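Thanks for making the time this morning. I would like to walk through one model, going from the overall fold to its core and then to the aromatic pairs.

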Amino acid sequence: MLILVTSPSRELHPLNIDMEDNRRKQTKVCDLRSRLQRRSSHAPNTERLSTEEIILWSQSLERLLTSKYGMATFQAFLKSEFSDENIEFWLICEDYKKIKSSFRLSSRAKKIYKTYIEAEAPKEINIDHKTRDLIGQNVKTPSTVCFDEAQRIVYSLMEKDSYPRFLRSNIYRTLLDSASDYTKM
């Protein structure tokens, strides 16, 4: 037997929607902040996420990506904007470059190509058709550098677009504020 449960209808007023969106964003920021702080306080031989480290993230995308917590925060930000395919691709390429076995290199290259490069791929990255064609050729005889051009393009896109948005985001601002509030205690 099916039972239909209804709740009182709320009028979808633009103000209500904005308030709901803001509440959702703040909840995400608080959840992320507490997860990062928990990780840093429970991990052996590590310090709390410091204001200095968070400030360093604003110096460059490279600094952000070399920080374990910076990387996690940036990934969470991109995921919240439904644009995490670029960082996923960049990270997968970094791992791909470390592969020594030619068999693994070949199978991984095909998988990366199908997932991120080919037209209509599930997590298709934004690259020009010339680069897409070049990688299609490279994958036929894969090497550790066959994705370098696409990786360079994706890094540049993140640096010029996603990274500045991240620095202006509620996630980054709230973390910075909460870390500085913590150091004042």
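**Fold, core and aromatic pairs**

Read from one end of the sequence to the other, the protein chain follows the pattern α-α-α-α-α-α-α-α-α, with nine helices and zero strands, where helices (H or I, at least four residues) and strands (E, at least two) are DSSP runs numbered from the N terminus. Please keep in mind that this is a predicted model, in which local features need pLDDT of at least 70 and side-chain atom pairs count only at pLDDT 80 or more, while totals for chains, interfaces and linings use all residues. Residues are numbered from 1 along each chain as its sequence is written, and side-chain values use heavy atoms, with hydrogens and water left out.

For the chain as a whole, 34% of the 185 residues are buried, meaning under 20% relative accessible area with a 1.4 Å probe, protein chains only, whereas exposed is over 50% and partly exposed lies in between. Taking contact as heavy atoms within 4.5 Å, 61% of the contacts between residues at least 6 apart in sequence join residues at least 24 apart.

Turning to the largest nonpolar core, that is, a set of buried Ala, Val, Leu, Ile, Met, Phe, Trp, Tyr and Cys residues joined through side-chain atoms within 4.5 Å, we find 40 residues, of which Trp57, Phe74, Phe89, Ile117 and Phe147 touch the most other members. The largest share, seven residues, comes from helix 8. In soluble globular proteins, nonpolar side chains tend to be buried together.

Which residues does phenylalanine 74 contact, leaving aside its neighbours within four places in sequence? They are Leu61, Leu64, Leu65, Ile87, Met158, Ser162, Tyr163 and Phe166.

The structure holds eight aromatic pairs, counted when ring centres of Phe, Tyr and Trp (its six-membered ring) lie within 6.5 Å, with planes under 30 degrees apart called stacked, over 60 edge-to-face and the rest tilted. One of them joins phenylalanine 74 and phenylalanine 166, edge-to-face at 5.4 Å centre to centre and 85° between the planes. Because phenylalanine 74 lies in helix 4 and phenylalanine 166 in helix 8, this pair ties together parts that are 92 residues apart in sequence. Phenylalanine 74 counts as buried, at 0% relative accessibility, and phenylalanine 166 counts as buried at 0% as well.

Another pair is tyrosine 96 with phenylalanine 147, whose ring centres are 5.2 Å apart with planes at 80°, so this pair is edge-to-face. It links tyrosine 96 in helix 5 with phenylalanine 147 in the loop between helix 7 (129-138) and helix 8, 51 residues apart.
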